[in-house]
Structure formats: C-alpha cells, structure tokens
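Biologist: Hello! Could you put the model on screen and talk me through how its labels were earned?

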Amino acid sequence: TNQPEDLPQSRQAIGQGEGARGAGCMAHVCRVGRRLYSSTGTMNAQTALDQVSTQGKFVRKDSVFRDWVNKAEGSRFKPEANRYALYVSKACPWANRCLHFLSLKGLEHAIDVYSVHPTWGDTKPQVDGHRGWHFAEEGANVPGVTTDGLNGCKTMRDLYDLAVKGVWDKSAFTTPVLWCKQEATIVNNESSEICRMLNSEFEDVARNKGVDLYPPELADKVKELERWVYNDINNGVYKCGFATSQGAYEEASAALFAALDRVEEILGGTRYLAGDSLTGVDVWLFNTLVRFDPVYVVYFKTCKRTISSYHNITNYIRDLYQTRGLGKDVDMWNIRTHYFTSHPKLNPYGIVPVMPDGVDYAAAHDRATREYSSSKRT
C-alpha cells in the first residue's frame, strides 16, 4: 500500500487500519478460503485473510468511510462532546492506537467507547459463513468487552449495515469506527485519520489541551517515519502472517527485520522516533511492538529475532508502556485470545500458546536516564 504523493495530507492514510488504503489493490485480490465476489458481481462478506494477491502477497484494502470531523463552516461533522462513539477491538492494533490517542488527549469523557469480543464469531449464519467481530451478549462478563449499548447491534457487520440503512457489501467490517450518534452513521473507519482527528479537532473539549502528537515542526520527519514504519512493520507483520507463498513471506520478513534494525539504530540516538518528543508514529509502532513476542513470533512466523533481543526497542516499549500511560489500554488477554482463536485457517484448534518468558513491560528501563547520541541517522 504505497501512498500516492499527490493526495492532500489530510487524506493521506500513511498508517492504515485493517481495511486500509492501497491504490488499485482490488485488481490483484484473489480467492482465499471463499470467493470475494458473487456471480452477480457483488462483494461477498470478507475478512483481512481474503486480501491476498495471485503472488501470495497480503495486499491490504482501502478504508471506505472517509469523512472528517472539523470546525470548518458547513462541516457535516462538528467536533462536539457526546456526539461521537468509537467502536474498537482491544485486540486490534489499528483500533488500539485510537484508544491511546483518546487517552493522551483526555477525551474519554467526550467520546463513548464500545469494544467487541476478541474471538470472531458468525455474523449472519443464515446468509453466509462469514466470521467477524461481535459484541458481548447482554449480561455476559467478558474482560474488556461490551455490548453495543448505543445501537444494540450484535456484530460490527450489523453496525455497517445500520450506517447505510441497508446491506453493506463494499468492504470488510473492520474496527476502529468513529460513529456519529446524531446521524446514526459511520464518519470514518480509517485509523490513521481518526488518530489525527482526535489529536487536533477536539481541542475545545479535550482535558489535555496542548498535547500535540503531530507538531508542525516535525511534520515532514513524522511523515517519512510513518511511511516505512507502517509499510514494513505495522503492516509488515501481516504480510508475513497472511502470505500464501514462500517468496512473499521471505520478502516481507526481510523488509520487517531490516526496518526493526533501523528502529534499533534510531533509538540509540534519540528517546523517541522523531527526537525528544512523543509523536503519533511512536504510538503506531508501540502497538505492533507490544504484540510482537506474545503473538507475532509464533502466529505470523516473524521468528528471525524476538523483540526482547533488541536492547533499545525493549527499553523503548517499557518507557511508553509505563511513563506515557499507554499500558492501561494494552489488554493482553484480548490480544492473544483474538489472534489465536479467530482464524481456523491459521490455527484450526484455537490453541493459545503459553506466554514466552521475558515479556515484562513493567520492568525497569533506561530511556529516561541514558545519554543519547543525536548524531544517529534517521
């Protein structure tokens, strides 16, 4: 999913979500497990596992709902408290980063959050075999999972249908979703854009006013970091895990570990990726890194090295987890349960492996006290 350079910055999905942008990628999508299109040309219900090219490469699709919350005159969606809800999976890294932005900006009081069950379930068993995100049953006590207390939907598929007042068949039924209560529709389901909206558009109702994860003076640097961090790491682990050919897997693995080596070098020179300040690209990278050893090393075959073998990266994860409050939105039970129990094609018995030794994000770190060499190249 290379980002077209001629798109306006506000619409450049540099770090895409599960249903992410990828110019022209649908032309390359083929059958994996089920046909994506019926004989009438309509799209069948699908998941990320279906987005694979004829060369066996995972090719992430575009997000579709791309409206924007802003104060501009004539804007359809104004930044108002209690007008919006955020639908997430606490297992999903794309949705989880939106939760981090919500917390860092102090917007929990202004935007409701609803969270789906980590294990995919049947969404319309009377119609097809699609399995996807669903909400908790009324009265169920599942950690980190809620009912849809706003719309009463049973599944994310129901929510997408509700948004269009019919049957949604244009994409997968992904999280995150920014929902407008006033119009009962989806504003946006592209995580990179939701993050930017939470960062800048709700300043008047934010409790942490002045927190800016996209400072103008770092805009170019952050944009360049996001380009390869997203492509080779955030999405790179999925390219490894969902590849259906040896060549596609080895290509993705090589790019992933080259990028991780690059991150390790950068973090030897500065506390955060873009310098001395936490920025949005740190939040995005963090969500992949915290899942790496507990899930991806086994499940996505990203096993050339563990994150715990990288000194700087390991300490960086602990720094963000502890001192920036990101740890409170890391739900390891939801994370591991989702990956290991939702994809029968990858793990038919749904066995959740024991947590590897050495994964301790609450352990001491050296990021606040060490000396950095800012001459390191980025």
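Modeller: Happily, and please remember that this is a predicted model. Let's begin with a serine: a polar atom of the Ser 89 side chain lies 3.1 Å from the backbone nitrogen of Ala 91.

Biologist: What makes that pair of Ser 89 and Ala 91 a polar contact?

Modeller: The distance is 3.1 Å, and the cut-off for a pair of N or O atoms is 3.5 Å. The pair therefore falls within the limit. Ser 89 itself sits in the loop between β1 (84-88) and α1 (93-105).

Biologist: Why is Ser 89 called buried?

Modeller: Because its relative accessibility is 1%, and buried means under 20%. Beyond its neighbours within four places in sequence, Ser 89 is in contact with Ala 95, Asn 96, Ser 115, Val 116, Trp 133 and Thr 175.

Biologist: Thr 175 caught my eye. What is the peptide bond from Thr 175 to Pro 176 like?

Modeller: That bond is cis, with omega near 5 degrees. Pro 176 belongs to the loop between α2 (156-164) and β5 (177-180).

Biologist: Which residue in the loop between α2 and β5 has a positive phi?

Modeller: Lys 165 does: its phi is about 55 degrees, although the residue is not a glycine. Its place is in that loop between α2 and β5.

Biologist: And why does Lys 165 count as exposed?

Modeller: Because its relative accessibility is 59%, and exposed means over 50%. Ala 184 also has a positive phi without being a glycine, near 50 degrees. Ala 184 is found in the loop between β5 and β6 (185-188).

Biologist: What is the right label for Ala 184: buried, exposed or partly exposed?

Modeller: Partly exposed, because its relative accessibility is 24% and that label covers values between 20% and 50%.

Biologist: Now to another lysine. How do you know that Lys 239 has no salt bridge?

Modeller: The nearest side chain of opposite charge, Asp 232, is 5.0 Å away, while a salt bridge needs a nitrogen and a carboxyl oxygen within 4 Å. Asp 232 is therefore out of range, and Lys 239 is left buried without a salt bridge.

Biologist: Which side chain does Lys 239 make a polar contact with?

Modeller: Asn 231, at 3.1 Å. Lys 239 lies in helix α5 (residues 236-241). Residues up to four places away in sequence aside, Lys 239 touches Phe 58, Asn 231 and Ala 252.

Biologist: What makes helix α9 (residues 332-341) mostly covered?

Modeller: Eight of its ten residues are buried, among them Arg 336, His 338 and Phe 340. The cover over the buried residues of α9 includes α1, α5 and α7.

Biologist: And which residues have the most contacts inside the largest nonpolar core?

Modeller: Met 156, Leu 260 and Leu 273, in a core of 99 residues. Helix α7 (residues 280-299) supplies the largest share of this core, twelve residues. Leu 260, for one, is in contact with Ile 233, Leu 289, Phe 292, Ile 307, Tyr 310 and Ile 313, leaving aside neighbours within four places in sequence. In soluble globular proteins, nonpolar side chains tend to be buried together.

Biologist: How many of the residues are buried across the protein chain?

Modeller: Of its 378 residues, 57% are buried. The chain has nine helices and six strands, and its exposed area is about 15,500 Å², with carbon and sulfur atoms supplying 50% of it.

Definitions and conventions: Residues numbered from 1 in each chain as written. Predicted model: local features only at pLDDT ≥ 70, side-chain atom pairs only at ≥ 80, totals over all residues. Heavy atoms only, no water. Helix = DSSP H or I, 4+ residues; strand = E, 2+ residues; numbered from the N terminus. Buried < 20%, exposed > 50% of the residue type's maximum accessible area, 1.4 Å probe, protein only. Areas by Shrake-Rupley, 256 points an atom, 1.4 Å probe, with all protein chains shown as cover. Lys, Arg positive; Asp, Glu negative; His and termini not counted. Polar contact = N/O pair within 3.5 Å; in protein donor to acceptor, adjacent residues only side chain to side chain. Contact = heavy atoms within 4.5 Å. Core = buried A, V, L, I, M, F, W, Y, C linked by side-chain atoms within 4.5 Å.
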